[in-house]
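Subject: The structure we talked about

Hi,

Here is the structure I promised to pass on. Have it open while you read, and my notes follow below.

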Amino acid sequence: MIYLDHAATTPVPREVADAMYEVLTEQFGNPSSQYQMGLDMKKRVENWRRTVAAALGCEAERLYFTACGTEGDNWAIQAACWQNRHVGRHIVTTAVEHSAVLECCKWMEQQGYEVTRLVPDGNGNITAEQVLEAVRPDTALVSVMMVNNELGNVYPIADIARGLASRNPKTLLHTDAVQGFLEVPFTARALGADFITVSAHKIGGPKGTGALYIGPRVRNPRPLLAGGGQEKGLRAGTEATAQIAGFAKAAELRMKGLDNKLAHMASIKEYAKERLAEIPDLLFLGNGTAPHILAVSLVGWPSQNIVNDLGSQGICISAGSACHQGKPSHVVAALKLPKKVSGGVIRLSFGPETTKADIDACAEALKRHHDTRMPML
Ligand code: PLP
């Protein structure tokens, strides 16, 4: 199998699975239990928190484990709006966020919030100026993703944070960094966002765990779930110890030689561009600088057919985001491309293990698809 869909999810290395297995079977204690196994587990959860926090570049006490990136996004948006309920009921976001952000913003609309959804240019770019211009005195929250999951565009979060300080210092800033964490270099400390969402399964960790960074400007963040006192009373629910152990192990492994891994992915992406440029009717989309995501269109050939054809040859790529499952992607729609182009969009995404041979096989299969199938769009 040739796996070129790392933006959807990533393989779990053996060491990560082993770390989880030990916690599932031997050290399975509940961190809230008062006997030794529970007390030990509590300490281990704190160690794992320190590991993930170090990878994110923040103090461990600012990091809360969640069940996924989706939860982090929902929690951040609702906590920010709660804190700023007296500032106003306006949210600025983009039309190309992950549905975890977009759907939560729709909920906020149903509760009386006004949502401004910024539209990118034809290359998928959103500028800091565009975001700041949309901010008003009553803007409670700005939520802009760090890396677009379908295009690989990197958005200027640090510039938005700096600009907000003068435009409206009360507005809180959330960034969904699920596709940015350990893919593009940043530290939570230097970024200036008030909330940062990350997820384990995009960096070699298990599905079903993530974390939310909550910065010092957020006072008494409102929990999303009512329940027990876990995570300092802010995220109820028995800690998913095995998932968290796996998350920490994945972050630790990814951090080893991170710069080399990012450089490798960037060189793989460059190589993929060279190889794909040989295919007639192939257009590169966006100008995504994230090293792991490349969006292209085989203009005229329906993307689902391409995905199915390559899938039948053991090559895994996706038609836009895996989360859409066949429905047209809102990200591609926001680019306002001609139907022939938007209908043919596919996404290749890479990991540290991706090889040039993987790219060769994919490029050849795409070329065959082009040469042997009729365009239908
Ligand atoms: N945000 C972005 C940008 C993503 O790409 C994803 C997953 O694809 C998510 C959020 C959701 O993360 P999770 O699958 O952990 O809920």
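Let's begin with the overall layout: the centres of domain 1 and domain 2, taken over C-alpha atoms, are 27 Å apart. Domain 1 covers 14-255 and domain 2 covers 258-372, with bounds that come from an automatic or database domain assignment. Where they meet, 28 residues of domain 1 are in contact with 26 residues of domain 2 (contact means heavy atoms within 4.5 Å).

A quick word on the source: this is a predicted model, so local features need pLDDT of at least 70 and side-chain atom pairs count only at pLDDT 80 or more, while totals for chains, interfaces and linings use all residues. Residues are numbered from 1 along each chain as its sequence is written, and side-chain values use heavy atoms, with hydrogens and water left out.

Now for the inside. In soluble globular proteins, nonpolar side chains tend to be buried together. A nonpolar core here is a set of buried Ala, Val, Leu, Ile, Met, Phe, Trp, Tyr and Cys residues joined through side-chain atoms within 4.5 Å; buried means under 20% relative accessible area, exposed over 50%, and partly exposed in between, using a 1.4 Å probe and protein chains only. The largest such core has 72 residues, and Leu56, Val142, Ile157, Ile160, Phe181, Ile196 and Phe247 have the most contacts inside it. Its largest share, eight residues, comes from helix H8 (residues 241-255). Helices (H or I, at least four residues) and strands (E, at least two) are DSSP runs, numbered from the N terminus. Both domains take part in this core, with at least three residues from each. There is also a second, separate core of 25 residues, which includes Leu282, Ile317, Ile346 and Cys362.

Phe247 is worth clicking on: among the residues it touches, leaving out those up to four places away in sequence, are Val52, Phe65, Phe181, Ser199 and Ala200. Follow that last one. Ala200 sits in the loop between strand E7 (195-199) and strand E8 (210-214), and is it buried or exposed? Ala200 is buried, because its relative accessible area is 0%. Besides Phe247, Ala200 touches Gly205, Pro206, Thr209 and Gly210, again not counting residues up to four places away in sequence.

For a loop residue elsewhere, try Ala60, between helix H2 (36-56) and strand E2 (63-66). Ala60 counts as buried too, with a relative accessible area of 15%, and touches Arg49, Arg50 and Ala53, not counting residues up to four places away in sequence.

Helix H6 (residues 157-167) has Ile157, Ile160, Ala161, Gly163 and Leu164 buried. What covers them includes helix H5 (128-134), strand E5 (139-143), strand E6 (172-176) and helix H7 (188-191).

Finally, the ligand. Of the 14 residues around it, Gly69, Thr70, Asp176, Ser199 and Lys202 come nearest (a residue is near if one of its heavy atoms lies within 4 Å). Helix H3 (residues 69-83) gives the most to this shell, with three residues. A polar side-chain atom of Ser199 lies 2.6 Å from an oxygen atom of the ligand, and for a polar side-chain atom of His201 the figure is 2.9 Å. Taken alone, the ligand exposes 390 Å², and the protein buries 90% of that (areas by the Shrake-Rupley method with a 1.4 Å probe).

Cheers

Notes. A polar contact is a pair of N or O atoms within 3.5 Å; within protein, one must be able to donate a hydrogen and the other to accept it, and residues adjacent in sequence count only if both atoms are side-chain atoms.
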